[in-house]
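Q: I would like to learn how to read a model like this one, feature by feature. Could we take each general idea and then turn to the case at hand?

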Amino acid sequence: LKGRLAVRTEGRSDIASLIWKRNGVEQEIQLFGPFGGGRVRISESAGNAVLRDGTGQEFRGRTTEEVLYRAVAWHVPFTALGYWVRGLPAPELAYRVGFDYGGRARELNQSGWEIEYPEYRKFQGLELPYKIKILALPGTIQAVTGDGMESGELFSVKFVINYWNGEPKSQP
């Protein structure tokens with residue numbers, strides 16, 4: 001998919017364009033524009049993730065979430081987001097969902113995240129979320145402050161999906 005995302009924390013906000021390609025357990029995410037206008041590329045497959053920023057610096061870890069946090073302190077839950085962008089709960093995790101009159105997800109609560117779907121659009125004949133708002137509920141994200149204390153961190157992400165390529169499937 002292609003779109004834009006806006007990330008907000010207690011002390012910072014960033015905006016980036018996004019290209020996200022998934023194929024089974026492999027994924028590649030490109031972020032353009034954040035961090036002073038640079039490009040970030042994340043590749044993940046089978047328990048191995050690598051983030052390369054515009055300066056050539058690399059961050060390695062097990063998941064996209066891990067390397068993205070280490071590089072830029074963003075807590076974007078891309079694993080679950082692969083389902084959430086399609087209006088679906090991630091499998092094997094408890095959730096609560098509210099539907100609109102057309103049977104589409106309007107709100108989803110899962111694993112400490114509150115997901116809202118304020119707008120849908122047709123992509124290749126399917127009605128899919130166009131705008132998505134994600135908020136970490138209190139206690140979901142713990143950040144270590146400068147004095148070594150942990151605090152619940154405010155974190156939200158807004159997505160606008162402009163384009164789907166290929167058929168969005170019910171499973172990533």
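Q: Is glutamine 27 buried or exposed?
A: In this predicted model, glutamine 27 has a relative accessible area of 9%, and because buried means under 20%, glutamine 27 counts as buried. Glutamine 27 lies in strand β3, which spans residues 26-32.

Q: Which side chains does glutamine 27 join through polar contacts, and what does glutamine 27 touch?
A: One polar contact, of 3.4 Å, joins the side chain of glutamine 27 to that of arginine 22, and another, of 2.8 Å, joins the side chain of glutamine 27 to that of glutamate 44. Not counting residues up to four places away in sequence, the residues that glutamine 27 touches include Trp20, Ile42 and Thr64.

Q: How should I read the sheet, and in what order do the strands come?
A: Strands of a sheet pair through backbone hydrogen bonds, in either a parallel or an antiparallel way. Here 11 strands form an open sheet in the order β6-β5-β4-β3-β2-β1-β13-β10-β9-β8-β7, and the pairing is antiparallel. The edge strands are β6 (58-61) and β7, each of which pairs on one side only. On average, neighbouring strands of this sheet are turned by 20° against each other, direction ignored.

Q: Which residues stand opposite each other in the paired strands?
A: Strand β1 (residues 2-9) runs antiparallel to β2 and is joined to β2 by seven bridges, with alanine 16 in β2 as the bridge partner of leucine 5. Strand β9 (residues 113-123) and strand β10 (residues 126-136) pair in the antiparallel sense over nine bridges, and there lysine 122 stands opposite glutamate 127 in β10. Strand β10 also pairs in the antiparallel sense with strand β13 (residues 155-163), over five bridges, where isoleucine 134 stands opposite valine 157 in β13.

Q: What is the place of serine 17, and which residues is serine 17 in contact with?
A: Serine 17 is in strand β2, residues 13-23, and counts as partly exposed because its relative accessibility is 34%. Leaving aside neighbours within four places in sequence, serine 17 is in contact with Gly3, Arg4, Gln30, Leu31 and Phe32.

Q: Where does helix α2 lie, and which of its residues are buried?
A: Helix α2 lies across β3, β4 (39-45), β5 (48-52) and β6, and runs at about 140° to β6. In this helix, residues 64-72, the buried positions are Thr64, Glu65, Val67, Leu68 and Val72. Alanine 73, which follows α2, has a positive phi near 65°.

Q: Which other residues have a positive phi, and where do they lie?
A: Most residues other than glycine have a negative phi. Glutamate 92, although not a glycine, has a positive phi of about 65°; it lies in the loop between α3 (78-84) and β7 (95-99), and with a relative accessible area of 83% it is exposed. Serine 111 also has a positive phi, near 55°, and lies in the loop between β8 (105-110) and β9; at 45% relative accessibility, serine 111 counts as partly exposed. In the hairpin that β9 and β10 form, with two residues between them, glutamine 124 in the turn has a positive phi of about 50°.

Q: How many aromatic pairs are there, and how is such a pair described?
A: A pair of aromatic rings is described by the distance of the centres and the angle of the planes. The count here comes to five aromatic pairs. Among them, tryptophan 20 and phenylalanine 78 form an edge-to-face pair, 5.0 Å centre to centre with 85° between the planes. Tryptophan 20 lies in strand β2 and phenylalanine 78 in helix α3, so this pair ties together parts that are 58 residues apart in sequence. Both tryptophan 20 and phenylalanine 78 are buried. Phenylalanine 123 and tryptophan 164 form an edge-to-face pair, with 6.2 Å centre to centre and 70° between the planes. This pair links distant parts of the chain, since phenylalanine 123 is in strand β9 and tryptophan 164 in the segment after β13, 41 residues apart.

Q: Which rings are linked into a cluster, and where does the charged end of arginine 121 sit?
A: Ring pairs link Trp84, Trp113 and Phe155 into a cluster. The charged end of arginine 121 sits over the ring of tyrosine 130, at 3.6 Å from its centre.

Terms used
Residues are numbered from 1 along each chain as its sequence is written. This is a predicted model: local features need pLDDT of at least 70, side-chain atom pairs count only at pLDDT 80 or more; totals for chains, interfaces and linings use all residues. Side-chain values use heavy atoms; hydrogens and water are left out. Helices (H or I, at least four residues) and strands (E, at least two) are DSSP runs, numbered from the N terminus. Buried means under 20% relative accessible area, exposed over 50%, partly exposed in between (1.4 Å probe, protein chains only). Contact means heavy atoms within 4.5 Å. Two strands pair if DSSP finds at least two bridges between them. A polar contact is a pair of N or O atoms within 3.5 Å; within protein, one must be able to donate a hydrogen and the other to accept it, and residues adjacent in sequence count only if both atoms are side-chain atoms. Axes are lines fitted to C-alpha atoms, for helices over the stretch in contact, and angles run from 0 to 180 degrees between N-to-C directions. Rings of Phe, Tyr and Trp (its six-membered ring) pair if their centres lie within 6.5 Å; planes under 30 degrees apart count as stacked, over 60 as edge-to-face and the rest as tilted. A charge sits over a ring if NZ of Lys or CZ of Arg is within 6 Å of the ring centre and within 35 degrees of the ring normal.
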